[in-house]
Amino acid sequence: MIDPTVSALSLGAILALVQIASIAIAGQRIGQVRGASTFPAGAPVSLVRPLHGIEAFSDEMLVRSFRLAYPAYELIFCVADPDDPIVPRVQRLIADHPLVPARLILGDERISDNPKLNNCLRGWRAAAHDWVVLADSNVAMPPDYLQRLQAAWRDETGLVCSTPAGARPGSFMAEVECAFLNTLQARWQYAAEAFGLGFAQGKSMLWHKPFLEAQGGLQALASEIAEDAAATKLVRAAGKRVHLVASPFEQPLGPRGFREVWARQLRWARLRRVTFPLFFAPEIGSGVLLPALLIALWAGSLTGLAGAAALAGLCYGAEDRLAARAGWHRGPRMWAAFLVRDALIPAIWLGAWVQSAIVWRGNAMDVRPRRASVDRACAPTA
């Protein structure tokens, strides 16, 4: 008869190997530019930023748009509601930076249940250049933002994007959000790309406009409730790949409470469950705490408990080193944030299976795919 302690510790060793291998792969890839870019040097770029409301860092994020160290780019801000309080701030910044070609487009077009996609459509159509970047309002753009996106473009590329790196947390729960975004989600995304399974992230997306237009245009991204999931499937169907920037761009978080973090992570989990169910199913084991507890219970001994504690300590230590190498947020409370994150993962995973409704910026949506949306997205445009 096999000793349960030996079996449990053997499983723990395998789980630790998987976790640490993914951390090592991500650590080896982040910050490294692989191969020569095939992006045409100096090609003009249209930068489309959908906006909605005033956020904690809105003024800084908007100003950064005008301070990019790139010789030929235009800015297109899209706001669905003309009465949105962000409108006068954008208008003032456009007036204050006359040397940067910029405009504000008001009003959206409902091509999907995704308000961001609806908000982007007019900006996409207005873009004057063949290379278009769609960037969320809370992306902290460094001066070389466009160059870093372009550096990841290869002959086989259909899309370059960046996962968000949580930064500047203003509360403990914001640090938990950093633990989700950085050493968990970004880590697995870079590890997946290493095996040719890169998938899109909607925060920053560099498109070659003629390529996407040939696939049905921006409307084709309405085939899924999440535009990044639709982008991933579209790029793969076209025989291309999704590539990540060498180092992800920061998203400053500020103070966040439990409900805000919970709602955001649950929303994203439900979207992943609907759009990529086979990849989502194993996510319940993506953290360390649950496997460690199961190992301790299975072993039913002090040796098993010590082994589970060693598993968690080893993996959290590796996560901390990854954060240090990548330049991500670290602090004395991060190990506690890892524990809280991993305690939430099973509840978030279960919640994603129970319900398909989400609320995003006040918009209630059912994330289940609709055939009508797919047909509409694939219809030829005039």
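A cavity here is a set of grid points where a 1.4 Å probe fits but cannot get out, and its lining residues have an atom within 4 Å of a point. Keep that in mind for the tour, and remember that this is a predicted model.

**Stop 1: the cavity.** Searching the whole structure turns up five cavities of 30 Å³ or more. We'll visit the second largest, which holds about 60 Å³ of space. Select P50, K116, L117, C120, L134, A135, D136, G202, M205 and E227 to see its lining. Now colour helix 4 and strand 4 (131–135), since each supplies at least two of those lining residues. Helix 4 has the largest share, with three residues.

**Stop 2: helix 4.** Stay with this helix and select residues 115–126. Is it enclosed or open? Nine of its 12 residues are buried, so helix 4 is largely enclosed by the rest of the structure. Show P115, K116, L117, N118, N119, C120, L121, G123 and W124 to pick out the buried ones. Then zoom in on the start of the helix, where a side-chain oxygen of N114 comes within 3.0 Å of the backbone nitrogen of K116. You've met K116 already: it is part of the cavity lining too.

**Stop 3: out to the surface.** Select L11, I14, V18 and W298, and you have a nonpolar surface patch with about 370 Å² of accessible area together. Helix 1 (residues 4–29) gives the most to this patch, three residues. Click on L11, which lies in helix 1. L11 counts as partly exposed because its relative accessible area is 35%, between the 20% and 50% cut-offs.

Notes. Residues numbered from 1 in each chain as written. Predicted model: local features only at pLDDT ≥ 70, side-chain atom pairs only at ≥ 80, totals over all residues. Heavy atoms only, no water. Patch = residues over 30% accessible without salt bridge, like charges linked within 9 Å, V, L, I, M, F, W, Y side chains within 5 Å. Areas by Shrake-Rupley, 256 points an atom, 1.4 Å probe, with all protein chains shown as cover. Salt bridge = Lys/Arg side-chain N within 4 Å of Asp/Glu carboxyl O. Helix = DSSP H or I, 4+ residues; strand = E, 2+ residues; numbered from the N terminus. Buried < 20%, exposed > 50% of the residue type's maximum accessible area, 1.4 Å probe, protein only. Polar contact = N/O pair within 3.5 Å; in protein donor to acceptor, adjacent residues only side chain to side chain. 1 Å grid on protein atoms, 1.4 Å probe; cavity = no way out; pocket = protein on both sides within 12 Å on 5 of 7 lines; lining within 4 Å. Points joined across faces, edges and corners; volume = space filled by probe spheres on them.
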